[in-house]
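Please open the model in your viewer and keep the sequence panel beside it, since the stops below are given by residue number.

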Amino acid sequence: MKFWNYFLYVHSTFLVRFSMKTIMMNHSSLDNTMTFTSYGSFRPINYFFFTLTLLVYLLSIFSNVFLMLVIYFESSLHKPMYIFLFNLAVNGLIGSSTVWPKVMENLLSDTHKSSFLACLVQVFWGYFYMSSAYTTFSVMAYDRYVSICKPLQYHSIMTPGKVKTLLTVANVVPMSTLSLLVYLISTVPLCKYTTQNLFCDVMTLHNLSCVKSALVNLYATCLLTSLVGFPCIVVLLSYAVILNVSLKASKDAQKKALSTCSSHLITFINFGVATLFFAIYHRYTTFLPGKVYILITADWFAIPPLLNPVIYGIRTQEIRKCFVKTVRKIRFSGNF
């Protein structure tokens, strides 16, 4: 696990630095500033939205970090399923931290501006949050498929080396492909630097460009298919096979399969619905009011990172027991 964290850190740092250096050498447009008009003028009610956003953000950070600590310190949870869940919690931290700190800053500011370079960084991490979540969901579904459909071969299939490989693919592939996407977007000249959105995303920058790039459209479509469509197919096929096997098994086996898969399915459906709403909004952006976008953004970047640890903590018996054990340790240490 330490090797994986070190490898991922080195690789991601290299990709981001290479991408940013390449952009800075070739494009003076990075000196421009993006302006977000959806915040409006500063009003006393902004303090309320700031407090609400801060509360949601802190709860997301706490729930994901606490889940990560429980998995890390409890040796009984050092299994493929929980290692993948650890990666999903890290992804939730990335998603929350990509948007909400800047949103809170804009809520208390009269300028509501961001540099174009910061906008590109936000695009990269925002879409990494989405794509890495889907690839992680797919490897988790594969793990559940092997566990339920091939229980006797589980340990020979899901070896530590296999787990590291799956985690590497689930994270490094999105990082590599999204670095190229950010570079391609940076090469497209923009005619406007004002947007009604809360944050930067690919479609926002594409709509502000002077020329609609066919290459960006094609590459973004390929990424959507490979990083979202393919993982969704893997999840659906895995659970179709699991359902077929479970229907032929005993009642106890069905109950066990349901208990181990329900948390994953709930979080996957929750994230999928949020992504679907986000895609529909961008497809019909001229027909839907801006407030709809704000609600969709809140759903996409707030609800999954906040609810995923809670859902796994409530519905997964092993994690629930470790939660209680950890809380008791903390209370005992505090009393002592």
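Begin by selecting lysine 79, which is partly exposed, with a relative accessible area of 38%. This is a predicted model, and the values quoted along the way are computed from it.

With lysine 79 still selected, add glutamate 318, the residue with which lysine 79 forms a salt bridge, and you will find the closest N and O atoms 3.0 Å apart. The pair links distant parts of the chain, for glutamate 318 lies in helix α11 (residues 317-335), while lysine 79 sits in the loop between α2 (45-73) and α3 (80-107), 239 residues apart. Glutamate 318 is, like its partner, partly exposed, and its relative accessible area is 28%.

From the loop, move into helix α3 and select lysine 102 together with glutamate 105, which form a salt bridge whose closest N and O atoms are 3.4 Å apart. Because these two residues are three positions apart in helix α3, about one helical turn separates lysine 102 from glutamate 105. Colour the glutamate by accessibility and glutamate 105 should come out as partly exposed, with a relative accessible area of 46%.

Next, select aspartate 143 and arginine 144, whose side chains meet in a salt bridge with an N to O distance of 2.8 Å. Are these two residues buried or exposed? Both aspartate 143 and arginine 144 are buried. With this stop the tour has covered the salt bridges, of which a search of the whole structure finds three.

Now clear the selection and show the whole chain as a cartoon, in which 11 helices and three strands can be traced. Followed along the sequence, these elements come in the pattern α-β-α-α-β-α-α-α-β-α-α-α-α-α. If you switch to a surface, the chain exposes about 17500 Å², with carbon and sulfur atoms supplying 70% of that area, whereas 47% of the 336 residues count as buried. A contact map would add that, among contacts in the chain with a separation of 6 or more, 81% are between residues 24 or more positions apart.

Finally, colour the chain by pLDDT, for which the mean is 81, with 82% of the residues reaching 70 or more. Select residues 21-28, over which the pLDDT is below 50, and note that this stretch has 11 contacts in the model beyond near neighbours in sequence. Where pLDDT is low, the predicted coordinates should not be read in detail.

Terms used. Residues numbered from 1 in each chain as written. Predicted model: local features only at pLDDT ≥ 70, side-chain atom pairs only at ≥ 80, totals over all residues. Heavy atoms only, no water. pLDDT = per-residue confidence, 0-100. Contact = heavy atoms within 4.5 Å. Helix = DSSP H or I, 4+ residues; strand = E, 2+ residues; numbered from the N terminus. Buried < 20%, exposed > 50% of the residue type's maximum accessible area, 1.4 Å probe, protein only. Areas by Shrake-Rupley, 256 points an atom, 1.4 Å probe, with all protein chains shown as cover. Salt bridge = Lys/Arg side-chain N within 4 Å of Asp/Glu carboxyl O.
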